[in-house]
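I opened a new structure today and kept notes as I went. Here is what I looked up, in the order I did it.

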Amino acid sequence: MCRHLAIIMDGNGRWAKARRLPHIAGHREGVQAVRRVVEAAPGLGLEVLTLYAFSSENWKRPAAEVSDLMGLLKHYVQSEINDLHRNGVRLDFIGDWRALKPDLVALLDAARLRTQGNGRLRLVMALNYGGQNELLRAAQSLAIAAAAGQLDPATIDLHAIESRLDTAGLPPPDAVLRTSGELRLSNFLLWQSAYAEFLLTDTLWPDFDGAALARALDEFSRRERRFGGR
Ligand code: IPE
Ligand code: IPE
Ligand code: MG
(Lines give C-alpha, C1' and ligand atoms only; values in the text may rest on other atoms or scores of the structure.)
(Ligands and ions follow the chains in the order given, each with its own letter.)
Protein backbone atom coordinates (compact mmCIF):
# COMPACT_ATOMS: atom_id res chain seq x y z
CA MET A 1 0.00 0.00 0.00
CA CYS A 2 1.34 3.41 -0.88
CA ARG A 3 0.82 5.64 2.15
CA HIS A 4 3.12 8.44 1.03
CA LEU A 5 3.52 9.44 -2.60
CA ALA A 6 5.90 12.22 -3.60
CA ILE A 7 5.47 13.79 -7.03
CA ILE A 8 7.93 15.71 -9.19
CA MET A 9 5.41 17.70 -11.22
CA ASP A 10 7.22 18.25 -14.50
CA GLY A 11 6.34 19.12 -18.07
CA ASN A 12 4.36 22.35 -17.70
CA GLY A 13 6.61 24.15 -20.17
CA ARG A 14 6.38 21.43 -22.80
CA TRP A 15 2.60 21.30 -22.41
CA ALA A 16 2.42 25.02 -23.14
CA LYS A 17 4.96 24.87 -25.97
CA ALA A 18 2.96 22.15 -27.74
CA ARG A 19 0.02 24.58 -27.77
CA ARG A 20 2.11 27.64 -28.69
CA LEU A 21 1.18 29.17 -25.36
CA PRO A 22 3.50 31.01 -22.97
CA HIS A 23 5.24 28.86 -20.31
CA ILE A 24 3.08 30.33 -17.55
CA ALA A 25 -0.04 28.89 -19.22
CA GLY A 26 1.44 25.46 -18.53
CA HIS A 27 1.98 26.33 -14.87
CA ARG A 28 -1.59 27.60 -14.64
CA GLU A 29 -2.92 24.36 -16.10
CA GLY A 30 -0.58 22.51 -13.73
CA VAL A 31 -2.49 24.00 -10.82
CA GLN A 32 -5.64 22.31 -12.15
CA ALA A 33 -3.78 18.99 -12.11
CA VAL A 34 -2.83 19.65 -8.47
CA ARG A 35 -6.50 20.16 -7.65
CA ARG A 36 -7.49 16.89 -9.38
CA VAL A 37 -4.75 14.88 -7.69
CA VAL A 38 -5.42 16.28 -4.22
CA GLU A 39 -9.09 15.44 -4.65
CA ALA A 40 -8.40 11.87 -5.78
CA ALA A 41 -5.63 11.06 -3.31
CA PRO A 42 -7.56 10.09 -0.14
CA GLY A 43 -9.89 7.77 -2.09
CA LEU A 44 -6.85 5.93 -3.44
CA GLY A 45 -5.51 5.25 0.04
CA LEU A 46 -2.85 7.96 0.19
CA GLU A 47 -2.20 9.46 3.62
CA VAL A 48 0.59 11.82 2.60
CA LEU A 49 1.03 13.56 -0.76
CA THR A 50 4.22 15.56 -1.25
CA LEU A 51 4.36 17.85 -4.27
CA TYR A 52 7.57 19.39 -5.60
CA ALA A 53 6.32 22.86 -6.49
CA PHE A 54 9.47 25.00 -6.52
CA SER A 55 13.06 23.84 -6.17
CA SER A 56 15.96 25.76 -4.70
CA GLU A 57 17.40 25.68 -8.23
CA ASN A 58 14.28 27.10 -9.89
CA TRP A 59 15.51 30.62 -8.96
CA LYS A 60 17.71 30.26 -12.07
CA ARG A 61 14.60 30.71 -14.23
CA PRO A 62 13.66 34.08 -15.73
CA ALA A 63 12.52 36.52 -13.02
CA ALA A 64 9.10 36.89 -14.67
CA GLU A 65 8.50 33.13 -14.51
CA VAL A 66 9.59 32.96 -10.85
CA SER A 67 7.25 35.79 -10.01
CA ASP A 68 4.39 34.13 -11.96
CA LEU A 69 4.98 30.88 -10.05
CA MET A 70 4.91 32.68 -6.70
CA GLY A 71 1.71 34.42 -7.78
CA LEU A 72 0.09 31.12 -8.74
CA LEU A 73 1.10 29.60 -5.40
CA LYS A 74 -0.41 32.50 -3.53
CA HIS A 75 -3.59 32.31 -5.57
CA TYR A 76 -3.83 28.54 -5.10
CA VAL A 77 -3.59 28.77 -1.31
CA GLN A 78 -5.95 31.73 -1.10
CA SER A 79 -8.61 30.21 -3.31
CA GLU A 80 -8.35 26.59 -2.16
CA ILE A 81 -7.77 26.87 1.58
CA ASN A 82 -11.47 26.76 2.52
CA ASP A 83 -12.13 23.66 0.40
CA LEU A 84 -8.94 21.99 1.60
CA HIS A 85 -9.89 22.62 5.21
CA ARG A 86 -13.46 21.41 4.68
CA ASN A 87 -12.10 18.24 3.06
CA GLY A 88 -9.86 17.42 6.01
CA VAL A 89 -6.58 18.26 4.28
CA ARG A 90 -3.65 19.25 6.46
CA LEU A 91 -1.29 21.56 4.62
CA ASP A 92 2.44 21.48 5.35
CA PHE A 93 5.55 22.84 3.71
CA ILE A 94 9.11 21.61 3.35
CA GLY A 95 12.12 23.46 2.01
CA ASP A 96 13.41 26.89 2.92
CA TRP A 97 9.90 28.34 2.44
CA ARG A 98 10.32 30.86 5.23
CA ALA A 99 12.84 32.66 3.00
CA LEU A 100 10.08 33.50 0.48
CA LYS A 101 8.43 36.96 0.44
CA PRO A 102 7.03 37.90 3.88
CA ASP A 103 3.40 38.23 2.72
CA LEU A 104 3.56 34.78 1.13
CA VAL A 105 5.20 33.29 4.22
CA ALA A 106 2.43 34.77 6.37
CA LEU A 107 -0.24 33.28 4.10
CA LEU A 108 1.41 29.85 4.06
CA ASP A 109 1.93 29.87 7.81
CA ALA A 110 -1.71 30.79 8.44
CA ALA A 111 -2.87 27.97 6.12
CA ARG A 112 -0.57 25.52 7.91
CA LEU A 113 -1.78 26.52 11.36
CA ARG A 114 -5.44 26.56 10.35
CA THR A 115 -5.34 23.02 8.95
CA GLN A 116 -2.97 21.34 11.37
CA GLY A 117 -5.75 19.45 13.16
CA ASN A 118 -6.96 17.78 9.93
CA GLY A 119 -6.28 14.10 9.32
CA ARG A 120 -7.79 12.94 6.04
CA LEU A 121 -4.76 13.81 3.89
CA ARG A 122 -1.46 15.49 4.57
CA LEU A 123 -0.56 17.69 1.63
CA VAL A 124 3.10 18.64 1.80
CA MET A 125 4.28 21.26 -0.65
CA ALA A 126 8.01 21.44 -1.31
CA LEU A 127 8.76 25.15 -1.74
CA ASN A 128 12.24 26.54 -2.26
CA TYR A 129 13.18 22.93 -1.57
CA GLY A 130 16.46 21.20 -2.35
CA GLY A 131 17.51 17.91 -0.79
CA GLN A 132 21.12 19.06 -0.46
CA ASN A 133 20.07 22.31 1.18
CA GLU A 134 17.84 20.40 3.60
CA LEU A 135 20.73 18.11 4.58
CA LEU A 136 23.02 21.11 4.90
CA ARG A 137 20.59 22.80 7.31
CA ALA A 138 20.28 19.57 9.32
CA ALA A 139 24.08 19.32 9.55
CA GLN A 140 24.32 22.95 10.69
CA SER A 141 21.69 22.36 13.35
CA LEU A 142 23.60 19.31 14.66
CA ALA A 143 26.88 21.22 14.67
CA ILE A 144 25.36 24.17 16.51
CA ALA A 145 23.86 21.87 19.17
CA ALA A 146 27.18 20.03 19.55
CA ALA A 147 29.19 23.25 19.81
CA ALA A 148 26.79 24.50 22.49
CA GLY A 149 27.37 21.33 24.48
CA GLN A 150 23.74 20.20 24.08
CA LEU A 151 24.61 17.20 21.93
CA ASP A 152 27.37 14.59 22.23
CA PRO A 153 28.63 14.07 18.63
CA ALA A 154 29.24 10.38 19.40
CA THR A 155 25.49 9.89 19.89
CA ILE A 156 24.47 11.24 16.46
CA ASP A 157 22.43 8.51 14.81
CA LEU A 158 19.90 8.22 11.96
CA HIS A 159 17.16 9.54 14.20
CA ALA A 160 19.22 12.62 15.12
CA ILE A 161 19.48 13.47 11.43
CA GLU A 162 15.89 12.60 10.54
CA SER A 163 14.50 14.68 13.37
CA ARG A 164 16.28 17.71 11.89
CA LEU A 165 15.05 17.26 8.34
CA ASP A 166 12.06 19.30 7.13
CA THR A 167 10.15 16.01 6.90
CA ALA A 168 10.57 15.15 10.61
CA GLY A 169 7.44 13.32 11.74
CA LEU A 170 6.46 12.22 8.21
CA PRO A 171 6.88 8.65 6.95
CA PRO A 172 9.38 8.36 4.06
CA PRO A 173 7.80 8.34 0.58
CA ASP A 174 6.85 4.84 -0.57
CA ALA A 175 7.10 6.06 -4.13
CA VAL A 176 8.42 9.02 -6.09
CA LEU A 177 6.50 9.74 -9.28
CA ARG A 178 7.86 11.97 -12.03
CA THR A 179 5.83 13.11 -15.00
CA SER A 180 6.98 14.20 -18.48
CA GLY A 181 9.43 11.35 -19.13
CA GLU A 182 12.45 12.83 -17.36
CA LEU A 183 14.51 10.27 -15.46
CA ARG A 184 16.15 12.17 -12.64
CA LEU A 185 15.61 13.20 -9.04
CA SER A 186 16.48 16.91 -9.46
CA ASN A 187 17.51 17.29 -5.81
CA PHE A 188 14.19 16.00 -4.45
CA LEU A 189 14.00 14.11 -1.12
CA LEU A 190 17.53 12.74 -1.42
CA TRP A 191 17.63 11.23 2.05
CA GLN A 192 13.98 10.23 2.32
CA SER A 193 13.72 8.39 -0.99
CA ALA A 194 16.40 5.85 -0.06
CA TYR A 195 13.94 2.98 -0.60
CA ALA A 196 11.21 4.71 -2.59
CA GLU A 197 9.90 3.02 -5.72
CA PHE A 198 10.24 5.14 -8.86
CA LEU A 199 7.08 5.63 -10.90
CA LEU A 200 7.70 7.26 -14.25
CA THR A 201 5.23 8.43 -16.83
CA ASP A 202 5.49 10.35 -20.09
CA THR A 203 2.30 12.23 -19.28
CA LEU A 204 2.95 15.95 -18.91
CA TRP A 205 1.90 17.33 -15.52
CA PRO A 206 -0.99 19.50 -16.83
CA ASP A 207 -2.52 16.33 -18.35
CA PHE A 208 -2.23 14.32 -15.12
CA ASP A 209 -5.45 13.38 -13.34
CA GLY A 210 -7.06 10.97 -10.88
CA ALA A 211 -7.09 8.12 -13.42
CA ALA A 212 -3.36 8.57 -14.10
CA LEU A 213 -2.77 8.59 -10.35
CA ALA A 214 -4.77 5.37 -9.96
CA ARG A 215 -2.70 3.72 -12.74
CA ALA A 216 0.57 4.76 -11.07
CA LEU A 217 -0.56 3.40 -7.71
CA ASP A 218 -1.64 0.18 -9.38
CA GLU A 219 1.86 -0.19 -10.78
CA PHE A 220 3.25 0.46 -7.31
CA SER A 221 1.10 -2.31 -5.86
CA ARG A 222 2.78 -4.81 -8.21
CA ARG A 223 6.31 -3.91 -7.11
CA GLU A 224 8.16 -6.17 -4.72
CA ARG A 225 9.94 -4.14 -2.08
CA ARG A 226 12.89 -5.70 -0.26
CA PHE A 227 14.63 -2.96 1.73
CA GLY A 228 17.87 -4.88 1.37
CA GLY A 229 16.42 -8.12 2.71
CA ARG A 230 15.27 -11.08 0.62
C1 IPE B 1 7.53 21.87 -13.88
O2 IPE B 1 7.35 22.28 -15.21
C3 IPE B 1 7.07 22.91 -12.92
C4 IPE B 1 8.13 23.57 -12.15
C5 IPE B 1 9.41 23.32 -12.21
C6 IPE B 1 7.69 24.61 -11.24
P7 IPE B 1 8.54 22.89 -16.07
O8 IPE B 1 8.40 24.37 -16.11
O9 IPE B 1 9.85 22.39 -15.57
O10 IPE B 1 8.20 22.26 -17.48
P11 IPE B 1 9.23 21.77 -18.59
O12 IPE B 1 10.18 20.81 -17.93
O13 IPE B 1 9.91 22.99 -19.10
O14 IPE B 1 8.37 21.11 -19.62
C1 IPE C 1 12.01 19.77 -10.79
O2 IPE C 1 11.71 20.09 -12.09
C3 IPE C 1 11.48 20.82 -9.85
C4 IPE C 1 10.03 20.86 -9.70
C5 IPE C 1 9.18 20.03 -10.26
C6 IPE C 1 9.54 21.89 -8.82
P7 IPE C 1 12.72 20.90 -13.04
O8 IPE C 1 12.07 20.98 -14.35
O9 IPE C 1 13.11 22.17 -12.39
O10 IPE C 1 13.98 19.93 -13.06
P11 IPE C 1 15.22 19.88 -14.06
O12 IPE C 1 15.87 21.22 -14.03
O13 IPE C 1 14.69 19.54 -15.42
O14 IPE C 1 16.11 18.79 -13.52
MG1 MG D 1 10.99 20.77 -16.04
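These entries go through pockets, cores and aromatic rings.

**Entry 1: the model.** Before anything else, I noted that this is a predicted model.

**Entry 2: the largest pocket.** I started with the open spaces. How much space lies in the largest pocket? I got about 690 Å³. Its lining takes 30 residues, and I jotted down the ones nearest the centre: M9, N12, H27, Y52 and A53. Next I checked which helices and strands supply at least two lining residues each. My list has the helices α1 (12–18), α2 (23–40) and α3 (63–86), plus the strands β2 (48–55) and β4 (121–129). Sorted by class, the lining came out as 15 nonpolar, 9 polar and 6 charged residues.

**Entry 3: the second largest pocket.** This one holds about 320 Å³ of space. I found 19 residues lining it, with E162, L170, P171, P172 and W191 closest to the centre. By class, I wrote down 11 nonpolar, 5 polar and 3 charged.

**Entry 4: the cores.** I remembered a rule of thumb: in soluble globular proteins, nonpolar side chains tend to be buried together. So I looked for nonpolar cores here, and the largest has 47 residues. Which residues have the most contacts inside it? They are L5, I7, V38, L46, L49, Y76 and L123. Helix α3 gives the most to this core, 9 residues. I picked V38 for a closer look and skipped anything up to four places away in sequence. That left L49, Y76, L84, V89, L121 and L123 as the residues V38 touches. There is another core apart from the largest one, with 13 residues, including A6, V48, F188 and A196.

**Entry 5: aromatic rings.** My search of the whole structure turned up 7 aromatic pairs. One of them is Y52 with Y129, edge-to-face, with 6.0 Å from centre to centre and 80° between the planes. I liked this pair: it links distant parts of the chain, with Y52 in strand β2 and Y129 in strand β4, 77 residues apart. Are these two buried or exposed? I found both Y52 and Y129 buried. Another pair is W205 with F208, and this one is stacked, at 5.2 Å centre to centre and 20° between the planes. W205 counts as buried because its relative accessible area is 1%, under the 20% cut-off. F208 is buried too, also at 1%.

**Entry 6: a cluster.** Last, I noted that Y52, Y129 and F188 form one aromatic cluster. Looking back, Y52 also turned up by the centre of the largest pocket, and F188 in the 13-residue core.

Note on methods: Residues are numbered from 1 along each chain as its sequence is written. Chains are lettered from A and ligands numbered from 1 in the order in which they are written. This is a predicted model: local features need pLDDT of at least 70, side-chain atom pairs count only at pLDDT 80 or more; totals for chains, interfaces and linings use all residues. Side-chain values use heavy atoms; hydrogens and water are left out. On a 1 Å grid over the protein atoms alone, a cavity is a set of points where a 1.4 Å probe fits but cannot get out, and a pocket is an open set with protein on both sides within 12 Å along at least five of seven lines; lining residues have an atom within 4 Å of a point. Grid points are joined across faces, edges and corners, and a volume is the space filled by probe spheres set on the points. Helices (H or I, at least four residues) and strands (E, at least two) are DSSP runs, numbered from the N terminus. Ala, Val, Leu, Ile, Met, Phe, Trp, Tyr, Cys and Pro count as nonpolar, Asp, Glu, Lys and Arg as charged, and the others, Gly among them, as polar. A nonpolar core is a set of buried Ala, Val, Leu, Ile, Met, Phe, Trp, Tyr and Cys residues joined through side-chain atoms within 4.5 Å. Buried means under 20% relative accessible area, exposed over 50%, partly exposed in between (1.4 Å probe, protein chains only). Contact means heavy atoms within 4.5 Å. Rings of Phe, Tyr and Trp (its six-membered ring) pair if their centres lie within 6.5 Å; planes under 30 degrees apart count as stacked, over 60 as edge-to-face and the rest as tilted.
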